[in-house]
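Colleague: I am new to this structure and would like a close look at a single part of it. Please take one residue as the starting point and work outward from there.

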Amino acid sequence: MLPYFYEKCANPASSMHADGRKAAEAVQAARQQVAASIGAEPSEIIFTSGATESNNLAILGAASASSCGRRRILAGAIEHKSVVVPCWSLLKQGFDVEIIPVADDGRIDLNALTDMLDENTFLVTVQAVNNEIGTIQPVSEVCEIAHASGALLHCDAAQALGRIGIHVGDWGADLLSLSGHKCYGPKGIGSLYIRGGARRAPLQSIVHGGGQEFDVRSGTLNVPGIVGLGAAAEFAERDRRSDSERIGRLRDRFERQVISSIPTARRNGATAARVAGNSSLTLPGIEAEALIARLGDVHCSTGAACTAGALEPSHVLSAIGLTRAEAYSTVRVGIGRFNTEDDVSYAASRLVRTVERLSRIPTPAKTRSPSEHAVGQGTPTRHGTAGREI
């Protein structure tokens with residue numbers, strides 16, 4: 001990325017001079033890298049500022065382009081907030097939004113989806129991998145059901161690249177969102193896959209201007225970020241199998257060490273259909289925020305880093321059946337490419353020791369519920385994720 005910050009910093013839209021053409025060539029090379037990582041054509045890749053923008057463009061753009069009179073969206077119950085909030089915003093515009101239920105492991109209820117679909121549904125949106133509990137969705141099956149009723153399928157695959165194999169041809173998705181920093185690339189860059197390319201895009205632009213990115217997403221291109229995303233996507237797919245095998249062993253070791261020392265601890269999400277580096281653990285009787293505040297150099301979170309500071313419990317944990325108290329006792333741990341066995345053993349030991357110390361703290365005479373604590377006087381600061389995580 002470095003040369004495109006200060007040596008090759010021309011605008012790729014300035015094709016009249018050599019430096020502009022070099023920048024445009026770098027963008028096109030990255031487009032090819034991203035496309036290859038998901039089995040797409042380069043012309044089907046649009047660069048954005050991240051998966052949040054990609055999700056918004058897919059959902060709001062598809063709603064604006066819905067020319068067949070369909071006004072209904074179906075969204076999975078554990079979608080990322082960058083999917084949930086755009087869907088809710090469409091309610092104010094007269095669209096109907098229905099939530100597809102999930103099982104207690106987070107997997108989409110395919111029978112419910114089939115029953116919910118009708119001739120008024122224009123879009124189904126289901127993420128490939130959940131950001132909190134790591135559950136992998138059966139995207140190809142969801143897509144087949146959606147297409148049978150004439151609906152489009154959008155897939156938020158931000159957490160999937162480099163963790164599971166993505167092949168848009170096999171999956172059948174019409175729109176698919178990716179994020180740079182979720183596959184070890186830079187922050188502030190992402191992409192949207194559009195089946196058939198921009199000229200056949202089933203959506204309208206939500207950002208207007210100079211017509212960049214085939215007039216689907218205007219704005220001067222972030223060339224260093226795009227170059228970084230291209231390289232990260234290539235490395236993510238190249239190393240996916242070896243990374244997943246090694247990280248999966250580390251995750252299993254971490255969970256064994258914690259659960260053997262804290263028998264009441266339990267995992268959340270699917271056991272088999274789960275990405276390697278995710279561990280969501282409920283620790284009954286322990287307030288997760290208090291635990292995280294005391295872990296020091298071991299960094300984890302209570303839920304999605306994007307919603308840190310929220311007073312309500314995670315909607316993902318609620319959707320899979322956890323009570324408010326259980327949700328407030330849940331931590332999410334990410335194990336990634338640069339972690340080692342020593343890291344995992346150290347983190348598990350720190351977590352166990354801290355839980356033991358918190359368990360010995362005397363309980364006040366009048367105990368408040370986690371929800372009361374969250375809104376009461378002296379609410380502690382919610383700590384987000386940091387350090388090396390998924």
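Is Thr 354 buried or exposed, and what is its relative accessible area?

Modeller: Please keep in mind that this is a predicted model. Thr 354 is buried, because its relative accessible area is 1% and buried means under 20%. The residue lies in helix H13, and that helix covers residues 341-360. If neighbours within four places in sequence are set aside, Thr 354 is in contact with Leu 291, Arg 294 and Leu 295.

One of those partners leads to the surface. Arg 294 belongs to a positive surface patch, together with Arg 353, Arg 357 and Arg 360. Helix H13 gives the largest share of this patch, three residues. Arg 353 is placed in helix H13, as is Thr 354. Arg 353 counts as partly exposed, because its relative accessibility is 38% and partly exposed is the range between under 20% and over 50%. Thr 354, in contrast, is buried at 1%. Arg 294 therefore appears twice in this picture: as a contact of the buried Thr 354 and as a member of the positive patch.

For the setting of this part, here is the chain as a whole. The chain has 14 helices and ten strands. Of its 390 residues, 54% count as buried, and Thr 354 is buried too. The chain exposes about 17,200 Å², and carbon and sulfur atoms supply 50% of that area. Among contacts between residues at least 6 apart in sequence, 73% join residues at least 24 apart.

Gln 204 gives an example of a link between distant parts of the sequence. Gln 204 and Ala 62 are 142 residues apart along the chain, while their C-alpha atoms are separated by 6.5 Å. Gln 204 lies in the loop between E7 and H8. With neighbours within four places in sequence left aside, Gln 204 is in contact with Leu 57, Gly 61, Ser 64 and Ala 65. Gln 204 counts as partly exposed because its relative accessibility is 42%.

The loop between E7 and helix H8 (223-238) also holds Glu 213. Glu 213 is buried, because its relative accessible area is 6%. The phi of Glu 213 is near 50°, a positive value in a residue other than glycine. Most residues other than glycine have a negative phi. Tyr 184 likewise has a positive phi, near 70°. Tyr 184 lies in the loop between strand E6 (175-179) and strand E7 (190-194). Tyr 184 is partly exposed, because its relative accessible area is 33%.

A surface patch of another kind is nonpolar. Met 1, Leu 2, Phe 5 and Tyr 6 make this patch, which is about 460 Å². Met 1 is placed in the segment before helix H1 (3-6). At 36% relative accessibility, Met 1 counts as partly exposed.

To return to the starting point: Thr 354 is a buried residue of helix H13, and its contacts include Arg 294. Arg 294 and Arg 353 both take part in the positive patch.

Terms used
Residues are numbered from 1 along each chain as its sequence is written. This is a predicted model: local features need pLDDT of at least 70, side-chain atom pairs count only at pLDDT 80 or more; totals for chains, interfaces and linings use all residues. Side-chain values use heavy atoms; hydrogens and water are left out. Patches are made of residues with over 30% relative accessible area and no salt bridge: like charges are joined within 9 Å, nonpolar side chains (Val, Leu, Ile, Met, Phe, Trp, Tyr) within 5 Å. Accessible areas come from the Shrake-Rupley method with a 1.4 Å probe; for residues, only the protein chains shown count as cover. A salt bridge is a side-chain nitrogen of Lys or Arg within 4 Å of a carboxyl oxygen of Asp or Glu. Lys and Arg count as positive and Asp and Glu as negative; His and the chain ends are not counted. The place of a charge is taken as NZ of Lys, CZ of Arg, CG of Asp or CD of Glu. Helices (H or I, at least four residues) and strands (E, at least two) are DSSP runs, numbered from the N terminus. Buried means under 20% relative accessible area, exposed over 50%, partly exposed in between (1.4 Å probe, protein chains only). Contact means heavy atoms within 4.5 Å.
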